[in-house]
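Visitor: I would like to learn how to read the features of a model such as this one. Please take them one at a time, with the general idea before the case.

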Amino acid sequence: MKIVILGAGQVGGSLAEALASERNDIVLIDSDEKTLRELGDRIDIGVVVGHASHPDILLDAGIEDADILVAVTNNDETNMAACQIAHSLFRVPTKIARVRAASYLQYPQLFDTQAIPIDVLISPEQLVSEYIARLMEHPGALQVLDFADGRVQLVAVRAVQGGPLVGHQLRYLREHMPKVDTRVAAIYRRNSPIIPQGDTVIEAGDEVFFIAARADIRAVMSELRRLEHGYKRVVIAGGGNIGLRLAHKLENRYAVKIIEQSHERCVFLSEELSHSIILHGSASDQDLLLEENIEDTDVFLALTNDDEANIMSSLLAKRLGARKVMTLINNRAYVDLVQGGEIDIAISPQQNTIGSLLTHVRRGDMVNVHSLRRGAAEAIEVIAHGDSRTSRVVGRKIEDIDLPEGAAIGAIVRETDGGSEVLIAHDDVVVQSDDHVIVFLVDRRQTRHVEQLFQVGFSFF
């Protein structure tokens, strides 16, 4: 496909890199010539210097025969104007835009073919706040990803000495939990992937990705580590868009405090939120943290726009006794540096945003794409179509499907007369047409193979 990306920031640059590696024709537009030159030298893409929404610049990028426009500049208005121009002048089939301002997002009727023609709206703040809210539901999880509208979840946990399954082969999981069905999709040991087999032994320190029905997640986690008590008290450092959205989600279930440096923003937050306590000050102020009983805090969330401030306030909170620390980090180089030490979970907004974008630019009937482990791995929800004659998947047992190396089917969600059924992927399960199939890839470069596997042959039509 030909894809024009507007904005060479961290999201635009990472997306260009991901899509170029899948042999798409990518053109990146930005006004920053230096950044474009660096990206153009590193990856095989076209670059155009100029204002992202100007028609002449879009023409230079070849917009007239583009399949998709992805507008991810830092300016909402530029992104919206570019989609309007791409539609009105060039009839681009699919237009995706990042829009951050909540004042726009609360009027969904704005984003319609008759108004501002955006086919897919991406809000990083919304994606990140939903992601953190899922982590809050499962204390001890490193990642929690939804599939099939939340009926199935993929969860990553760190195996800890003392967990019933630690030191044992995976095949004993079913003996331990005869009434719970689950599948271990991948194990990362000292940052190297292991494709799980029945005789694979779980070791303490392993990062284990497993898939199960939502109701069974906690039971499976208890096999890999001692279950943590649910969270009650939450401190959010930073009352920006993400902090506010998250507080809205959490304040009816948890005791929430927000620390915000701007007095004006504090006043605004106090008007917007019903049950949260708003504190004016710095999250790196030791006296303030002690005064607010940081040692009794279950989760400290550092969500400001400043990576260094987030890291320092998180380290301080942990040292003063906060039970769990989650830190928002934009710079990808910092993520690996800090996670797993004093900081329990490093959250990358780019990873969440790129996964959402990839869902809409991939071939095949993709419902969800989640980018994992800083983009090296992926989890995909794809719908199977066709029949046994036209599909290489439908009508076949999972053990007979020609999956690429490092790929594993984790679960299938099947619509039935009574609702939907979650089938954990065992070798003898047969894939049917319209099944939602969840695939885990330890190597994202194999995505193209999976896309082709699920495409329907011409005889189907």
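Guide: What follows goes through domains, helices, cores, a buried strand residue and salt bridges.

Guide: Keep in mind throughout that this is a predicted model.

Visitor: Which domains does the assignment give for the chain?

Guide: The assignment gives domain 1 (2-122), domain 2 (128-133 + 140-224), domain 3 (233-351) and domain 4 (361-454). Between domain 3 and domain 4, the C-alpha centres are 37 Å apart.

Visitor: Where does UniProt place the feature "domain: RCK N-terminal"?

Guide: The unreviewed UniProt entry puts "domain: RCK N-terminal" at residues 1-122 and 231-347. Residues 1-122 are 36% helix and 22% strand, and the end C-alpha atoms of that span lie 20 Å apart.

Visitor: Which residues are listed for "domain: RCK C-terminal"?

Guide: According to UniProt, again in an unreviewed entry, they are residues 142-226 and 367-456. The span 142-226 is 15% helix and 36% strand, with its end C-alpha atoms 14 Å apart. For residues 367-456 the figures are 8% helix and 39% strand, and the end C-alpha atoms are 17 Å apart.

Visitor: How should I read a helix?

Guide: An α-helix has 3.6 residues a turn, so residues three or four places apart point the same way. With that in mind, look at which residues are covered and by what. In helix H9 (residues 241-250), the buried residues are Ile242, Gly243, Leu244, Leu246, Ala247 and Leu250. Their cover includes H6, strand S12 (233-237), strand S13 (255-260), helix H10 (263-272), strand S15 (299-302) and strand S16 (324-328).

Visitor: How many of the residues of H14 are buried?

Guide: Twelve of the 13 are, and H14 is mostly covered. The buried set includes polar residues such as Gln350, Gln351, Asn352 and Thr353, as well as Ile354, Leu357, Leu358 and Val361. As for length, H14 (residues 349-361) reaches 19 Å from first to last C-alpha, close to the 18 Å expected at 1.5 Å a residue.

Visitor: What should I look for in a nonpolar core?

Guide: In soluble globular proteins, nonpolar side chains tend to be buried together. In this model the largest nonpolar core has 68 residues, and those touching the most other members are Met136, Leu154, Ile202, Phe210, Ile236, Leu301 and Phe440. Helix H6 (residues 124-137) supplies the largest share of this core, six residues. A second, separate core has 47 residues, including Ile5, Leu19, Val361 and Leu441.

Visitor: Which residues does Phe210 touch?

Guide: Leaving out residues up to four places away in sequence, Phe210 touches Gln153, Leu154, Val155, Val157, Thr182, Arg183, Val184, Ala185, Ile217, Val220, Met221 and Leu224.

Visitor: Is Ile424 buried or exposed?

Guide: Ile424 has a relative accessible area of 4%, so it counts as buried. This residue is found in strand S21. Its C-alpha is 6.4 Å from that of Asp181, although the two residues are 243 apart along the chain. Beyond its neighbours within four places in sequence, Ile424 contacts Asp181, Thr182, Arg183, Ile211, Ala212, Ala213, Gly410, Ala411 and Val429.

Visitor: How many salt bridges are there?

Guide: The count comes to 23 salt bridges. For each pair, read the distance, the burial of both partners and their places in the chain. Asp435 and Arg414 meet at 2.8 Å, N to O. Asp435 lies in the loop between strand S21 (419-424) and strand S22 (436-441) and Arg414 in strand S20 (residues 407-416), so this pair ties together parts 21 residues apart in sequence. Asp435 is buried at 1% relative accessible area, and Arg414 is buried at 12%. Arg225, Glu228, Asp298, Arg323 and Lys324 are joined into one network by salt bridges that share partners.

Visitor: Which residue forms a salt bridge with Glu342?

Guide: The partner is Arg319, and the closest N and O atoms are 3.7 Å apart. Glu342 sits in the loop between helix H13 (332-338) and strand S17 (345-347), while Arg319 is in helix H12 (residues 307-319), 23 residues away. Glu342 is partly exposed at 36% relative accessible area, whereas Arg319, at 64%, counts as exposed.

Visitor: What is the N to O distance between Arg389 and Asp387?

Guide: The side chains of Arg389 and Asp387 form a salt bridge at 3.3 Å. Arg389 counts as exposed at 63% relative accessibility, and Asp387 as partly exposed at 26%.

How values were computed: Residues are numbered from 1 along each chain as its sequence is written. This is a predicted model: local features need pLDDT of at least 70, side-chain atom pairs count only at pLDDT 80 or more; totals for chains, interfaces and linings use all residues. Side-chain values use heavy atoms; hydrogens and water are left out. Helices (H or I, at least four residues) and strands (E, at least two) are DSSP runs, numbered from the N terminus. The expected span of a helix is 1.5 Å times one less than its number of residues. Buried means under 20% relative accessible area, exposed over 50%, partly exposed in between (1.4 Å probe, protein chains only). A nonpolar core is a set of buried Ala, Val, Leu, Ile, Met, Phe, Trp, Tyr and Cys residues joined through side-chain atoms within 4.5 Å. Contact means heavy atoms within 4.5 Å. A salt bridge is a side-chain nitrogen of Lys or Arg within 4 Å of a carboxyl oxygen of Asp or Glu. UniProt positions are given in the numbering used here, feature names are shortened, and annotations may be inferred rather than shown by experiment. Domain bounds come from an automatic or database domain assignment.
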